[in-house]
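The following exercises concern pockets, helix packing and strand pairing. Each task is followed by a solution in steps.

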Amino acid sequence: MAYLTLKGINKIYPNGFHAVHDFNLEIEKGEFIVFVGSSGCGKSTTLRMIAGLEDISSGEFLINGEYANDKGPRERQVAMVFQSYALYPQMSVYDNLAFGLTLQGVDEDVIDQKVQKVAKILGLTEYLDRMPRALSGGQRQRVAVGRAIIRKVGIFLMDEPLSNLDAKQRVTMRAEIAQIHRETGATTIYVTHDQVEAMTLADRIVIMKQGYIQQVGTPYELYFRPSNLFVAGFIGEPPMNFVRGTVKNGCLTIGGRDFDVRQKLGARAADYEGKDLYFGFRPEAIVLGTRENALPVDVTVELTEMLGDNTNLYVNIGETNAILKVSPYDAPQMDEDITFSIPYENIYLFDAETEEAIYVD
């Protein structure tokens, strides 16, 4: 039996807005689950329903098999870390960390031991006497995380906890959150709009769009086998390139040129004859020049973007812009005519009408 179960969860506000549609998910004890998607997709609303901060309009939420829709946050034994830190400004770091245990009536000596241990883990020992206003954003976020983990609850809920930090602080805190998860073994549900956070932290990722789940899977599964056009374009930086064309005799006609996709369509090629498909490939999944078992494409480099560890080439395929990610050591120059190849295993096809991925294996 799953530790957390969400069955047909819906959230409909009094004004009629349907924020979350038929959300179904089973979460195992100790898993790190990340909800990811664009702003307004319903990920934070779902997290708040799990926390007991939002009512569930319909559906069932189970904790360890027990119906929990009507339980309050305290009964659910969850700890939540907010984007805004939500620290008590009039309390020191020590008192912020100790506050939850104090409310539970825990002995002062035990509280002190726990505070000192958590402060050491998070590098906050020398800041215990400071007030939140005297801390940096990263330090305040560590206090917020510490206040959650000190209670030893079974479920951590984190709502965009790193969004107020700069890029360097986010990298550091990602590593700290991953380490804390390994040490505590708590079931963690983490909300973010940042795909890098999702890919680096999650055991499984839930991608949402307009209140609907688009796909649930490991980072590997979402990257290499996306279920639809949205997921394929959401995961990856730069995003996957998409070019629309029409199937004719097993080839996809794009801008007057034919690209042989019979190997990707297999026995289903006849089913798509005359239909529009999206041809997708990731910027990094190409090679310059030609090679066996790959689709060659001739283009002109319109723009180059040197980023240090790689160079982005901007090209046009038909009338569609595309980005190629290549080594900076042998990158072509702007206005240069080049041939690049896409290995057939790195080509994706999507039905233009349904936007679902086409897999024939």
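**Exercise 1. Determine the volume and the lining of the largest pocket.**

Solution. The largest pocket holds about 560 Å³ of space. A pocket here is an open set of points on a 1 Å grid over the protein atoms alone, where a 1.4 Å probe fits, with protein on both sides within 12 Å along at least five of seven lines; lining residues have an atom within 4 Å of a point. The volume is the space filled by probe spheres set on the points, which are joined across faces, edges and corners. The structure is a predicted model, in which local features need pLDDT of at least 70 and side-chain atom pairs count only at pLDDT 80 or more, while totals for chains, interfaces and linings use all residues. Residues are numbered from 1 along each chain as its sequence is written, and side-chain values use heavy atoms, with hydrogens and water left out.

Next, identify the residues. The lining comprises 20 residues, of which Val78, Ala79, Met80, Phe82 and Arg151 are the closest to the pocket centre. At least two lining residues come from each of helix H2 (73–76), strand E6 (78–81), helix H3 (93–103) and helix H5 (137–149); helices (H or I, at least four residues) and strands (E, at least two) are DSSP runs, numbered from the N terminus. The most is given by E6, with 4 residues.

Finally, classify the lining: 15 residues are nonpolar, 2 polar and 3 charged. Ala, Val, Leu, Ile, Met, Phe, Trp, Tyr, Cys and Pro count as nonpolar, Asp, Glu, Lys and Arg as charged, and the others, Gly among them, as polar.

**Exercise 2. Describe the second largest pocket by its volume.**

Solution. Its volume is about 320 Å³. Of its 19 lining residues, Lys264, Glu345, Ile347, Tyr348 and Tyr359 are the closest to the centre. Helix H8 (219–224), helix H10 (262–265) and strand E21 (348–351) each contribute at least two residues to this lining, and E21 gives the most, with 3 residues. The classes are 11 nonpolar, 2 polar and 6 charged residues.

**Exercise 3. At what angle do H3 and H4 pack?**

Solution. H3 and helix H4 (residues 108–121) pack at about 130 degrees, with their axes 10 Å apart. Axes are lines fitted to C-alpha atoms, for helices over the stretch in contact, and angles run from 0 to 180 degrees between N-to-C directions. H3 and H4 are therefore oblique to each other, given that angles under 35 degrees count as roughly parallel, over 145 as roughly antiparallel, 65 to 115 as roughly perpendicular and the rest as oblique.

For comparison, the axes of H5 and helix H6 (residues 167–184) come within 11 Å and cross at roughly 15 degrees. H5 and H6 are therefore roughly parallel to each other.

**Exercise 4. Which strands pair with E9?**

Solution. Strand E3 (residues 32–36) pairs with strand E9 (residues 204–209) in the parallel sense over 4 bridges; two strands pair if DSSP finds at least two bridges between them. In this pairing, Ile33 stands opposite Arg204 in E9.

E9 is also joined by 5 bridges to strand E10 (residues 212–217), and these two run antiparallel. Met208 stands opposite Ile213 in E10. E9 and E10 form a hairpin with 2 residues between them, and Gln210 in the turn has a positive phi of about 50 degrees.
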